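Here's a quick tour of a protein model, with a stop at each of the spots that caught the eye. Have the structure open while you read.

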Amino acid sequence: MTTGSASAKVILFGEHAVVYGRPAVAVPVTELQARAGVDEGPDGAGCTLVAADLGRRFNLGQAPSDDPLAHTVRLTLAKLGVRQEPDLTITLGSDVPIASGLGSGAAVSTAIVRALAKHWGRLLDPADVSALVYETERLHHGTSSGIDNTVIAYGQPVFFVRGRPPEPLQVAAGFWLIISDTGIASPTRLVVDDVRRGWESDRAHYEALFDQMGEISKAARASIEAGEVTRLGPLMVRNQHLLAAIGVSSPLLERLCLVARQAGAGGAKLCGAGRGGNLIALVTPETAQQVTSALESAGAVRTTLTHVSQVIE
Ligand code: PMV
């Protein structure tokens, strides 16, 4: 079997504003992984995809054209110059929760691309992997900024502006985040569409809010590159206020952010599309346990502690 894997991701700053051309900061979450394994299948069997977590097993030839898993496989085979459907079994697995702002779709796609490239003895560079995964991301949410596929395919912290090559971030001093799940699935596309409606009804107001989010991303980048980690907390709090102002927070997200801060987090904010999904809280090894306990008592369904550093996959 040849295997490929990919990390989840979180957006630290700048979600939504990134769709409108402002910078965002995102990092891989190596503690949560998607995996793909490729085995030779019997002659003439074609390509079978098995996603036990999703209760799915299907043949590539029979999958609809907009099936995201099949789409990734087809695009990757085309990129590798494989013209005829190969006899393969592709087995997928993932610890990344779905529809919760952690990039589950992009992580599974990236794992597939990496496993297939390895099977054919090819090394695709991160820009190629990212471009392939972006094509599938567009199926999930039409106006995707490309941040998920970028941070996951590059496997390192990035400063990202839509349409430009990502700028890798130099993490001068590692820091700890708690990622905490509200347990409410929130499909990105619906939230992004709502924000667009808001923007269409009052462009000047939304543009001003997006400008402020973009400035926060720039300040966060400077703090991360200078190793001034404690500055990130207040930036998170400001970013959260702005996200609430564009209507993507929720009473539960607000409550959990407050609980995290009261328990000692330096700052907290929703991450990803919002309305549900996950929040992040800036912690230290000393505060991590009390913040985790407080979040879980207040209703968070899952918490993951992640260390942000100069990871390169
Ligand atoms: O919910 P996620 O993690 O897929 O993040 C969406 C990020 C948005 O900025 C809201 C949309 C996008 O395409 O960048």
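## A charge over a ring

Let's start with Arg221, whose charged end sits over the ring of Phe159, 4.3 Å from the ring's centre. Keep in mind throughout that this is a predicted model. Phe159 also has a place in the strand pairing, since Val25 stands opposite Phe159 in S6.

There's another arginine doing this sort of thing: Arg203 lies over the face of Trp199, with 4.0 Å to the ring centre. Trp199 will come up again with the aromatic residues.

## Strand S2 and its partners

S2 spans residues 24-40, and it's mostly covered, with twelve of its 17 residues buried. Which strands does S2 pair with? S1 (residues 2-13) is one of them, antiparallel over eleven bridges. S5 (residues 88-94) is another, again antiparallel, over seven bridges. Then there's S6 (residues 158-160), which pairs with S2 in the antiparallel sense over three bridges.

Arg35 is a handy landmark here. Ser5 has Arg35 as its bridge partner in S2, while in S5 the bridge partner of Arg35 is Gly93. For anyone following the strands by eye, in a regular strand the side chains alternate between the two faces of the sheet.

## Tyr20 and the aromatic cluster

Now for the aromatics. How many aromatic pairs turn up in a search of the whole structure? The search finds three. One of them joins Tyr20 and Trp199, a tilted pair at 5.2 Å centre to centre with 50° between the planes. Tyr20 is in the loop between S1 and S2 and Trp199 is in helix H5 (residues 188-201), so this pair ties together parts that are 179 residues apart in sequence. Both Tyr20 and Trp199 are buried. Tyr20 also pairs with Phe210, and that pair is stacked: 4.5 Å centre to centre, 20° between the planes. Phe210 belongs to helix H6 (residues 203-226) and Tyr20 to the loop between S1 and S2, so here the parts tied together are 190 residues apart in sequence. Phe210, like Tyr20, is buried. Put Tyr206 with these residues and you have one aromatic cluster, made up of Tyr20, Trp199, Tyr206 and Phe210.

Why does Tyr20 count as buried? Its relative accessibility is 13%, and the buried class takes in anything under 20%. Leaving aside neighbours within four places in sequence, Tyr20 is in contact with Val195, Arg196, Trp199 and Phe210. Val161 is worth a look too: its C-alpha atom is separated from that of Tyr20 by 9.4 Å, though the two residues are 141 residues apart along the chain.

## The four-stranded sheet

Further along the chain, four strands form an open sheet, in the order S9-S10-S8-S11, with antiparallel pairing. Its edge strands are S9 (267-271) and S11 (302-308), each pairing on one side only. From one strand to the next, the twist averages 25°. S8 (residues 175-181) and S11 run antiparallel and are joined by seven bridges. If you want a spot to check that pairing, look at Asp181, whose bridge partner in S11 is Arg302.

Helices lie across this sheet as well. H7 (residues 232-245) lies across S8, S9 and S10 (278-283), running at about 45° to S9. H8 (residues 251-262) lies across S9 and S10, and it runs at about 155° to S9.

## Helix H9, one side in and one side out

Which residues of H9 (residues 288-297) are buried? They are Ala288, Val291, Thr292 and Leu295. Looking down the axis of H9, you'll see that its buried residues fall within an arc of 100°, so they line one face of the helix. Gln289 and Ser297, on the other side of H9, are exposed.

And what do the buried residues of H9 pack against? They pack against S8, H8, S10 and S11, three of which are strands we met in the open sheet above: S8, S10 and S11. Just after H9 comes Gly299, which takes a positive phi of about 115°.

Note on methods:
Residues are numbered from 1 along each chain as its sequence is written. This is a predicted model: local features need pLDDT of at least 70, side-chain atom pairs count only at pLDDT 80 or more; totals for chains, interfaces and linings use all residues. Side-chain values use heavy atoms; hydrogens and water are left out. Buried means under 20% relative accessible area, exposed over 50%, partly exposed in between (1.4 Å probe, protein chains only). Helices (H or I, at least four residues) and strands (E, at least two) are DSSP runs, numbered from the N terminus. Two strands pair if DSSP finds at least two bridges between them. Axes are lines fitted to C-alpha atoms, for helices over the stretch in contact, and angles run from 0 to 180 degrees between N-to-C directions. Contact means heavy atoms within 4.5 Å. The arc is that of the directions from the helix axis to the C-beta atoms. Rings of Phe, Tyr and Trp (its six-membered ring) pair if their centres lie within 6.5 Å; planes under 30 degrees apart count as stacked, over 60 as edge-to-face and the rest as tilted. A charge sits over a ring if NZ of Lys or CZ of Arg is within 6 Å of the ring centre and within 35 degrees of the ring normal.
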